[in-house]
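Colleague: I am still new to reading models of proteins, and I would like a close look at one part of this one. Could you take me slowly through a single helix and its surroundings, explaining each term as you go?

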Amino acid sequence: MRYCVNCHSPLTFVAVLSALNPARIRCTTCKHTAKVHTGYALCASALVLAVLLGATVVANYWGYGLATAIAIIIAFSALFECIYYWALQRGIIPSDLITRESLTSTATHSEATQTQQ
């Protein structure tokens with residue numbers, strides 16, 4: 001599970017889904033922009049576009065028509081959004097989001113700092 005650096009709220013699927021740029025995801029709580037590694041975001045976007053284009057061409061080649069191609073595009077887009085969210089949550093795609101361990105270590109560090117003062 002990954003958390004916002006600013007407000008420590010968990011990354012939500014809505015934040016990933018509503019991001020226009022896959023390399024910049026805004027926190028739904030504090031509106032802080034989390035930065036995703038650009039190379040990974042570009043590769044993921046290129047892969048999605050290639051698969052969607054291929055699925056559309058295959059659907060049209062087999063004679064299924066535009067309605068089926070649109071349904072395929074929507075289904076694949078939803079699937080890829082879920083995979084992208086899962087990869088961000090697990091840390092497979094690098095970002096500046098923090099883990100639960102980072103939250104506890106920063107909380108412990110700040111408590112120790114306050115105790116010393």
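What follows is a walk along one helix, then its partner, and then the neighbouring loops.

Colleague: Which residues of helix H3 are buried, and what covers them?

Modeller: Before the helix itself, a word on the source: this is a predicted model, in which local features need pLDDT of at least 70 and side-chain atom pairs count only at pLDDT 80 or more, while totals for chains, interfaces and linings use all residues. Residues are numbered from 1 along each chain as its sequence is written, and side-chain values use heavy atoms, with hydrogens and water left out.

The protein has four helices and four strands, where helices (H or I, at least four residues) and strands (E, at least two) are DSSP runs numbered from the N terminus. Read along the sequence, these elements follow the pattern β-α-β-β-α-α-β-α. Of the 117 residues, 24% count as buried, and here buried means under 20% relative accessible area, exposed means over 50%, and partly exposed lies in between, with a 1.4 Å probe and protein chains only. Among the contacts (heavy atoms within 4.5 Å) with a separation of 6 or more, 56% are between residues 24 or more positions apart.

Helix H3 takes in residues 65–90, and at 1.5 Å a residue its 26 residues should span 38 Å, which agrees with the 38 Å between its end C-alpha atoms; the expected span is 1.5 Å times one less than the number of residues. To your question, the buried residues of H3 are Ala69, Phe80, Tyr84, Ala87, Leu88 and Gln89. What covers them includes strand S1 (2–3), helix H1 (13–18), strand S2 (24–26) and helix H2 (38–61). Not every residue of the helix is hidden in this way: Ala75, which also lies in H3, is partly exposed, because its relative accessible area is 46%. After the helix comes Gly91, whose phi is positive, near 85°.

Helix H2 deserves the next look, since its buried residues pack against H3. For H2, the 24 residues should span 34 Å at 1.5 Å a residue, and the end C-alpha atoms are 34 Å apart, which agrees. Buried in H2 are Ala41, Leu52, Ala55, Thr56 and Ala59. Two pairs let you find H2 and H3 side by side on the screen: the C-alpha atoms of Leu52 and Ala75 are separated by 9.8 Å, although these residues are 23 places apart along the chain, and Ala44 and Ile83, which are 39 residues apart in sequence, are 9.9 Å apart in space, C-alpha to C-alpha. Ala44 has its place in H2 and is partly exposed, because its relative accessible area is 23%.

Where H2 ends, Gly63 takes a positive phi of about 80° just after the helix, and Tyr64 lies in the loop between H2 and H3. Tyr64 joins Val58, Tyr61 and Trp62 in making a nonpolar surface patch of about 550 Å².

Strand S1, named above among the cover of H3, holds Arg2. Arg2 touches Leu88 and Gln89, and its other partners include Arg90, Gly91, Ser9 and Ile98, not counting residues up to four places away in sequence. Arg2 is buried yet has no salt bridge, and the nearest side chain of opposite charge, Glu101, is 7.1 Å away; a salt bridge is a side-chain nitrogen of Lys or Arg within 4 Å of a carboxyl oxygen of Asp or Glu.

From Arg2 we can step to Ser9, which has its place in the loop between S1 and H1 and is buried, because its relative accessible area is 13%. Leaving aside residues up to four places away in sequence, Ser9 touches Arg2, Tyr3, Cys4, Cys27 and Thr29. His8 lies in the loop between S1 and H1 as well, but this residue is partly exposed, with a relative accessible area of 38%, and has a positive phi of about 65° although it is not a glycine. Lys31, in the loop between S2 and strand S3 (33–35), also has a positive phi, of about 70°, without being a glycine, and at 47% relative accessibility Lys31 counts as partly exposed.

Notes:
Lys, Arg positive; Asp, Glu negative; His and termini not counted. Patch = residues over 30% accessible without salt bridge, like charges linked within 9 Å, V, L, I, M, F, W, Y side chains within 5 Å. Areas by Shrake-Rupley, 256 points an atom, 1.4 Å probe, with all protein chains shown as cover.
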